[in-house]
Amino acid sequence: MLEIKNISKKFGKHIIFQDVSLTLKEGELIHFYGPNGSGKSTLFKIITDITSPDKGQIKIEKGKRIGALIENPGFIENETILYNLKYLYSLSNTYDEKVEKHIETLCQSFHLDLYNQDKMKNYSVGMRQKVAIIQAVMENQDIILLDEPTRGLDEAGVEEFYKLIKEYNKEKDKIIIIASHESLKLSFDRKLVIKDYQIYDQKDIKE
């Protein structure tokens, strides 16, 4: 379970959130909607402890691991895709042959070659986005946060992304939150909307 309790955040005089509370449960696939600059990325940064709230707290069940793609993904630019993914995985897990096979399969699903010797700095926007998605899920994380994940993807890449999310959602032990300013072809359990510094379930908003 992921609990957001009375979160407030502002940058200078610009208010992002004001006393926001929200509870998210295992098995939920959630669409987090809001226009660019509305606070989607900021909330993800608060959840992942990249940014601190001015007030309030985030409660995450003990032992739960977070995988995230937030804004423009950063990599070690002069290294290969294998080096980057191996390095990121090894930060908190033991990397072995079985793990590498799993990562190779994820790469193949997005038509990427794990053993390509090109440096990350030479990858296109779409290719970098695919690598970022892979790093957010490759550890079988319990809470997956994806910020505009289809940005830069071609049609085939978007379809593979949908397929991947559907497979992970079948497991019913994860919280998957996809932030996007556009509609996505997925069957979401909840649709959350940022409005007036708050986060609402779309069904509760009166037109």
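Q: Let's start with one side chain in this predicted model. Is Lys170 buried or exposed?
A: Good place to begin! Lys170 has a relative accessible area of 58%, and the cut-off for exposed is over 50%, so Lys170 counts as exposed.

Q: Which residue does Lys170 pair with in a salt bridge?
A: The partner is Glu167, with the closest N and O atoms 3.3 Å apart. Glu167 itself is partly exposed, at 42% relative accessibility. Both residues sit in helix α5 (residues 155-170), three residues apart, so about one helical turn separates them.

Q: Where else does a helix hold a pair with that spacing?
A: Look at helix α3 (residues 97-109), where Lys101 and Glu104 are three residues apart, again about one helical turn. Their side chains meet in a salt bridge at 3.7 Å, N to O. Here Glu104 is buried, with a relative accessible area of 17%.

Q: What does the salt bridge between Asp19 and Lys55 tie together?
A: Parts that are 36 residues apart in sequence, because Asp19 lies in strand β2 (residues 14-24) and Lys55 in strand β4 (residues 55-60). The closest N and O atoms of this pair are 3.5 Å apart. As for accessibility, Asp19 is partly exposed at 35%, and Lys55 is partly exposed at 45%.

Q: How many salt bridges does a search of the whole structure find?
A: Twelve. The ones we walked through include Glu167 with Lys170 and Asp19 with Lys55.

Note on methods. Residues numbered from 1 in each chain as written. Predicted model: local features only at pLDDT ≥ 70, side-chain atom pairs only at ≥ 80, totals over all residues. Heavy atoms only, no water. Salt bridge = Lys/Arg side-chain N within 4 Å of Asp/Glu carboxyl O. Helix = DSSP H or I, 4+ residues; strand = E, 2+ residues; numbered from the N terminus. Buried < 20%, exposed > 50% of the residue type's maximum accessible area, 1.4 Å probe, protein only.
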